[in-house]
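Me: I have a chain open on my screen and some questions about how it is put together. Can we go through it piece by piece?

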Amino acid sequence: MRTELEKIVGPAAVDERPVRDMWPVAIMAEREGKAPPKVLVARPAGRDQVAAVLRWAGANNVAVSPMGGGSGVCGALSPAAGEIVLDMSAFDRVAEIDETNLVCSCEAGVNGYALEEQLNARGLTLGHYPSSLPGTTIGGLIATRSSGQESSRYGSIEDMVIGLSVVLADGTFAAPRPGPRSAVGPALHQLFVGGEGGLGVVLGAVLRVHRLPEWTVGRGYAFPGLGAGLESMRAVMQSGIRPLVMRLYDPEDTVFNGYDLKSGECLLVAATAGGREIAEAEAAAVKKLAAEARGLGEEPWQRWLSHRFDLSAERMKAFLEPPGSYLDTVELAASWTVLPELYSRVRSAIGVGGLALCHFSHAYQQGCCAYFSFAGSSGTEAEARAAYGRAWEGAMSAALELGATISHHHGVGQARARWVADEMGGWMRVWRAVKEGLDPGGIMNPRAVGGPR
Ligand SMILES: Cc1cc2nc3c(=O)[nH]c(=O)nc-3n(C[C@H](O)[C@H](O)[C@H](O)COP(=O)(O)OP(=O)(O)OC[C@H]3O[C@@H](n4cnc5c(N)ncnc54)[C@H](O)[C@@H]3O)c2cc1C
């Protein structure tokens, strides 16, 4: 197999090594001595090489997973022995930044942070700031249907993608269609936004970009409780304001973030942006809608800004090093009326082992994402696995029973494989038909969107 790959991409672009993403289960397994198997990693240098690898893999019934930064947290990138990984890092070109039409074309392997820096240098922004941005690629951000810290203003990745270029499982090619919008059939490229590499390989994207706001006003507020904070978030979103950032921390997460507020108080960080007059007027409106809260001034916003990328893959790995420790995050989303019950049920399910935190961000007029973090440590690896499994089980069943989504932005991979059909219902038939139609041999990432079932 190695010789065949070398013929396609050249000997220097093939190596053999273990590959995994940042799924905590894989990290915990590694610490128990169960490292992922070594697999062949090919680094194609152009569209024809990607197509040739896929054609060879199809003819020889070998599975292929595209790889970006490896920062996914759901075990979607977890190749088994005998499979191939397509390292997309040679697709690293930002082809065009069109400042007049506010469009950017770039290849899938471009680093998310590097793209943002290039845009910023021209007074532009993609507005996509997942906490993991420095470790991501554009292809991975698209394939996982990611969402960033500024999503309440700029939307999530699906709102940014105007078009995609893709190599399908049989080696054929689909190019971006004309923007800014088209009614020529459904927006089929959106099937690849969240497809986790299960349908084909994203080579590049045409993305909507924005002018950097002239002015930003950020403030902190202390709410007497979570209910009052959520009501204010809802009021802000439904007033038509699109805050740059709006995050509400539950009392435990407020303390965890280093705020010594009154017992039970919840921190809200809110920033508005735009022309100076608009940003200031919207900040004044947010203040009015946060009437129940104590103003904390600008400091919480500045502090949040300087720590926005602190939750790194390295820190996650370091926390998971000691035997018996576990840590994960679960990001659900629900309508405003469901959020309070979702919060209390999930919190009690994940809180049994020790740390349980929640913040609310990615707000919409209709509802919001509830982002839970939990961690603990047990005497043995088996106990740690059991506690970790119970936390997931509790969170997923609460979400499904209450009609919340089981993932707002991390995706499915292996982490949610057990529950994906429960949320998708009849849409699972559509997904399977698309998968079977485009990839009848099942060579594209077998662990995408819960895998074959
Ligand atoms: C500390 C930390 C914080 C995080 N914070 C956020 C956050 O705020 N918001 C958020 O949305 N996510 C977050 N994540 C999750 C992660 O960063 C995202 O899932 C990210 O989009 C993955 O990009 P990647 O390039 O690393 O993809 P990878 O992990 O390499 O791959 C992810 C999936 O995409 C597929 N894929 C990759 N490239 C391609 C391609 N070119 N074509 C087709 N399929 C492809 C892979 O096969 C795999 O299934 C966080 C992760 C960590 C570790």
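Reply: Start with burial. A residue is buried if 20 or more other C-beta atoms lie within 10 Å of its own, exposed if 12 or fewer, and partly exposed in between. Keep in mind that this is a predicted model.

Me: Is Arg-20 buried, exposed or partly exposed?
Reply: Arg-20 sits in the loop between strand E1 (14-18) and helix H2 (24-31). The cut-off for buried is 20 or more C-beta atoms within 10 Å, and for exposed 12 or fewer. Arg-20 has 19 C-beta neighbours inside 10 Å, so the class is partly exposed.

Me: Leaving aside neighbours within four places in sequence, which residues is Arg-20 in contact with?
Reply: One partner is distant in sequence: Leu-77 is 57 residues from Arg-20, yet the C-alpha atoms are 5.6 Å apart. With neighbours within four places in sequence left aside, the contacts of Arg-20 are Ala-26, Pro-36, Leu-77 and Ser-78.

Me: Is Arg-145 buried or exposed?
Reply: Arg-145 belongs to the loop between H5 and helix H6 (151-154). Its phi is positive, near 60°, although the residue is not glycine. Arg-145 has 21 C-beta neighbours inside 10 Å, so it counts as buried.

Me: And His-362, buried or exposed?
Reply: His-362 lies in strand E17 (residues 354-363). Here too phi is positive in a residue other than glycine, near 55°. The count for His-362 is 23 C-beta neighbours inside 10 Å, so the class is buried.

Me: Now the sheets. What is the strand order in the open sheet of five strands?
Reply: The pairing in this sheet is antiparallel. Strand E5 (94-98) and strand E9 (173-174) are the edges, each pairing on one side only. Reading across the sheet, the order is E5-E6-E10-E8-E9.

Me: Which residue stands opposite Cys-106 in E10?
Reply: Strand E6 (residues 103-107) and strand E10 (residues 200-208) pair in the antiparallel sense over five bridges. Within E10, Leu-207 is the bridge partner of Cys-104. Opposite Cys-106 stands Ala-205.

Me: In the hairpin of E5 and E6, which residue takes a positive phi?
Reply: E5 and E6 run antiparallel and are joined by four bridges. Asp-98 stands opposite Val-103 in E6. The hairpin has four residues between the strands, and the positive phi, near 55°, belongs to Leu-102.

Me: Is the peptide bond from Gly-179 to Pro-180 cis or trans?
Reply: Pro-180 is in the loop between E9 and E10. Omega for the bond from Gly-179 to Pro-180 is near 0°, and the bond is cis.

Me: At what angle does helix H3 run to E8?
Reply: Helix H3 spans residues 47-60. It lies across strand E8 (161-168), E9 and E10. Relative to E8, helix H3 runs at about 50°.

Me: What is the order of the sheet of seven strands?
Reply: This sheet is open and its pairing is antiparallel. Its edge strands are strand E15 (294-297) and strand E16 (325-335), each pairing on one side only. Neighbouring strands are turned by 20° against each other on average, direction ignored. The order is E15-E12-E14-E13-E17-E18-E16.

Me: Which residue in E14 stands opposite Arg-219?
Reply: Strand E12 (residues 215-223) and strand E14 (residues 266-274) pair in the antiparallel sense over nine bridges. The residue opposite Arg-219 in E14 is Ala-270.

Me: Which element gives the most to the shell around the ligand?
Reply: Of the 41 residues around the ligand, Gly-68, Gly-72, Gly-139, Gly-140 and Gly-197 come nearest. By class, the shell has 17 nonpolar, 22 polar and two charged residues. Strand E3 (64-67), helix H5 (138-143), E10 and helix H12 (313-319) each supply at least two residues. With four residues, the one that gives the most is H5.

Me: How far apart are the C-alpha centres of domain 2 and domain 4?
Reply: The domain assignment puts domain 2 at 91-211 and domain 4 at 313-416. Twelve residues of domain 2 are in contact with ten residues of domain 4. The side of domain 2 that touches domain 4 has no nonpolar, ten polar and two charged residues. The C-alpha centres of the two domains are apart by 28 Å.

Methods:
Residues are numbered from 1 along each chain as its sequence is written. This is a predicted model: local features need pLDDT of at least 70, side-chain atom pairs count only at pLDDT 80 or more; totals for chains, interfaces and linings use all residues. Two strands pair if DSSP finds at least two bridges between them. Two residues are in contact if their C-beta atoms, placed from the backbone, lie within 7 Å. Axes are lines fitted to C-alpha atoms, for helices over the stretch in contact, and angles run from 0 to 180 degrees between N-to-C directions. A residue is near a molecule or strand if its C-beta atom, placed from the backbone, lies within 6 Å of it. Ala, Val, Leu, Ile, Met, Phe, Trp, Tyr, Cys and Pro count as nonpolar, Asp, Glu, Lys and Arg as charged, and the others, Gly among them, as polar. Domain bounds come from an automatic or database domain assignment.
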